[in-house]
Amino acid sequence: MKKLILAIFLVNFLVGCASNKPKEEAAAPVSNAAAAVDTSAADAQAAADAQAAAEAQTARQAVADEMAALQSKNSVYFPFDVDAVQAADRDTILLHAQFLAAHPSVTVRVAGNADERGSSEYNLALGQRRAENTKRALVLGGADAMQIETISFGEEKPRCNDHNEACWSQNRRADINYNAQ
Amino acid sequence: MIVRWIVLCLLLFAAPARAELNIEITGAGEHQTPLSLVRFGGDPLIAQSLLEVVGSDLARTGLFRLVDPAGRLPHSVSEVRPAEWAGTETLLLGSIEEVDGGQLAVRFSLFDVVRNAELMAQVVTAKRPHLRAIAHRIADLVYERLTGSPGVFSTRIVYVNRDQGSFRLVVADSDGYGEQSLLTSKEPIISPAWSPDGRQIAYVSFERQRAMVYVQSIDSAQRRLLAEFPGSNSAPVWSPDGTRLALVLTRDGSSNLYLVGRDGQGLRRITRGYQIDTEPAFTADGQNLLFTSDRGGSPQIYRLSLADETVTRLTFESGSAFSPRVAPDGKGFVFSLFKEGVFYIAVQDFGGAQTQILTGGGWEKKPSFAPNGKMILFATEMSGRGILATVSSDGRVKQKMVAQRGDIREPMWGPFPK
């Protein structure tokens, strides 16, 4: 399993390089050529700049779109008084881990939560462990530990307020939240 | 067994805007002392207001049966004819005098009509706006003379009021009057804890998007960050001598216990390991910490000696145990017991492992003793709203205190006024 994850990590890392680097290199020669005073060169440079800017904008938009898509499925769930990430959430974890590996400048806050069955302080501690374990799973999936901050809201920010299992199961979760770029 | 229902609507005296909590009492003490409160001499409106507060204070304990004086109005011991008072044992009587500069001097006596003897005579003086404080002081003295334990009617409580996504940290009189907001925030506030001198509150606020520990002065509203380490900073509690606090940090991994000086210096880690250790509470001698830990599987209460850091398990309940607080006499502790889906308030002596459940069960959390050890304050729920409740430490008398707005959570009873 670890080898597979390492392989995923490497592939994604390379893909990340391939998609980012060429844009920077394309921009560099154009700025050197600008030393010659030539209106056509200046026009060409302006066009190239515009194209580069458009490409960078498109790339940024693509990353933003991908982040938005990931943000829409950013919760992992836990059984009562359990802090281990469950097999059912492996795909969610891997999607986020791969994205983080591909975009090393992106950072997230993982916020752990708990249902109300416990004291506020015990649940704060439990939520923190859920966040820590979610972070570990993301790191195993290829993310860098430095990209991930963990916090806990314990039972203080329930998604659902009723005293029943349907509600509690939604409140026992960790959310992976992307920080603004 | 006599079960009495007394509903005291504390809207009688102050402006309605100041009456933040309504109180409902159930149960009665094993022995109730018959007591007549005779309207004091002096300004009749002031006298009536004063006696209503004294009466509701004493009635809330469940230890007194208030006997209507039926129009008899002795204002001094020399005016009492014991033969007229067959239905009662004790009279509270007195007079109110307005002295210079808006001061009220309230002279009162406690008189035993069975033995025809004066039990106490005192004068309490304060400015007129502090009439409730005078009444609480008189109730404290009467309670102490008749039960042998100091009264707690002049003490204060702290809690968090959550109303439509707004959180308020509130200090109030023990009967819910005189609410004072220390902090209003859009983010959660939990775990307020009193300093032993009653002047400061330590608490956890999420206002910076994660749990950090603050210490705030009640009178000046000045506050400072005590702990802002990475991860969660929480569960502050003062040592009995007020020189340091115990708290919980996750900066080194899992939730572990730490000690820190009241100035934030000299951080010392107390527990280690991957388990959850939280909710420290000092024993009365300051030499040990009780705490909640899941090191044995389910959350239970443990005791740690600060001298050698040895740990002893104290609760062995099926289910789980949370939020220990030590009794003022140092002999036992109270905690919240979660069993078959229900929270109860329970007490246990340090001597034996026998747990005594005091309440009927519900969402009963965060118990703390009154400073005389006779009552326990906790958070519970009624009709889906978070409310305050108390239970006598023998389990016989219960009160519910209902706020006019929002949910009340995370209470703690304050110390005797210094």
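How many bridges join strand β2 (residues 108–113) of chain A to strand β4 (residues 173–178) of chain A? There are five, and the two strands run antiparallel. The model you are looking at is a predicted one, and this report walks through it from the sheet of chain A to the domains, helices and strands of chain B.

## The sheet of chain A

The β2–β4 pair of chain A belongs to an open sheet of four strands, ordered β1-β4-β2-β3 (chain A). The pairing in this sheet is mixed. At its edges lie β1 (75–77) and β3 of chain A, each of which pairs on one side only. From one strand to the next, the twist averages 20°. For a handy landmark, pick V110(A): the bridge partner of V110(A) in β4(A) is I176(A).

A helix covers this sheet too: α4(A) packs on it and touches β1, β2, β3 and β4 of chain A. If you compare directions, α4(A) makes about 155° with β3(A).

## Where chain A meets chain B

Now to the contact between the chains. On one side are 17 residues of chain A, and on the other are 27 residues of chain B. Within chain A, the elements that give two or more residues to this side are α4 (120–140) and β3 (148–154). So which of these gives the most? It is α4(A), with eight residues.

The chain A side is a mixture by class: six of its residues are nonpolar, six are polar and five are charged. The helix α4(A) thus has two roles to look for in the viewer: packing on the sheet of chain A, and giving the most residues to the side that touches chain B.

## Two domains in chain B

Chain B is divided into domain 1 (31–147) and domain 2 (156–413). Taken over C-alpha atoms, the centres of domain 1 of chain B and domain 2 of chain B are separated by 36 Å. Six residues from domain 1 of chain B and six residues from domain 2 of chain B make up their contact.

On the domain 1 side of that contact, the largest share comes from helix α1 (residues 44–60) of chain B, which supplies three residues. By class, this side has no nonpolar residues, three polar ones and three charged ones.

## A helix pair in chain B

Two packed helices are described by the angle between their axes and the distance between the axes. For α1(B) and helix α2 (residues 131–147) of chain B, the angle is about 45° and the axes are 9 Å apart. The two helices are therefore oblique to each other. As for handedness, α1(B) passes α2(B) in a right-handed crossing.

Which residues meet here? From α1(B) they include I46(B), L50(B), V53(B) and L58(B), and from α2(B) they include I134(B), A135(B), I138(B) and V142(B). D57(B) in α1(B) and R132(B) in α2(B) also take part. By class, the contact of α1(B) with α2(B) has twelve nonpolar, two polar and two charged residues.

## Strands of chain B

Strand β8 (residues 156–163) of chain B has two pairings worth a look. With strand β9 (residues 166–173) of chain B, β8(B) pairs in the antiparallel sense over eight bridges, and V158(B) stands opposite V171(B). These two strands form a hairpin with two residues between them. In the turn, Q164(B) has a positive phi of about 50°. With strand β31 (residues 407–413) of chain B, β8(B) pairs in the antiparallel sense over five bridges; there R162(B) stands opposite D407(B).

Further along, four strands form an open sheet with antiparallel pairing, in the order β23-β24-β25-β26 (chain B). The edge strands, each pairing on one side only, are β23 (320–326) and β26 (355–357) of chain B. The twist in this sheet averages 30° from one strand to the next. Eight bridges link strand β24 (residues 332–339) of chain B with strand β25 (residues 342–349) of chain B, in the antiparallel sense. To find your way into this pair, start at F335(B), whose bridge partner in β25(B) is A346(B).

Definitions and conventions: Residues numbered from 1 in each chain as written. Chains lettered and ligands numbered in written order. Predicted model: local features only at pLDDT ≥ 70, side-chain atom pairs only at ≥ 80, totals over all residues. Contact = placed C-beta atoms within 7 Å. Nonpolar A, V, L, I, M, F, W, Y, C, P; charged D, E, K, R; others polar. Pairing = 2+ DSSP bridges. Axes fitted to C-alpha atoms, helices over the stretch in contact; angles between N-to-C directions. Domains from an automatic or database assignment. Parallel < 35°, antiparallel > 145°, perpendicular 65-115°, else oblique. Left-handed = near helix turned anticlockwise from the far one by under 90°.
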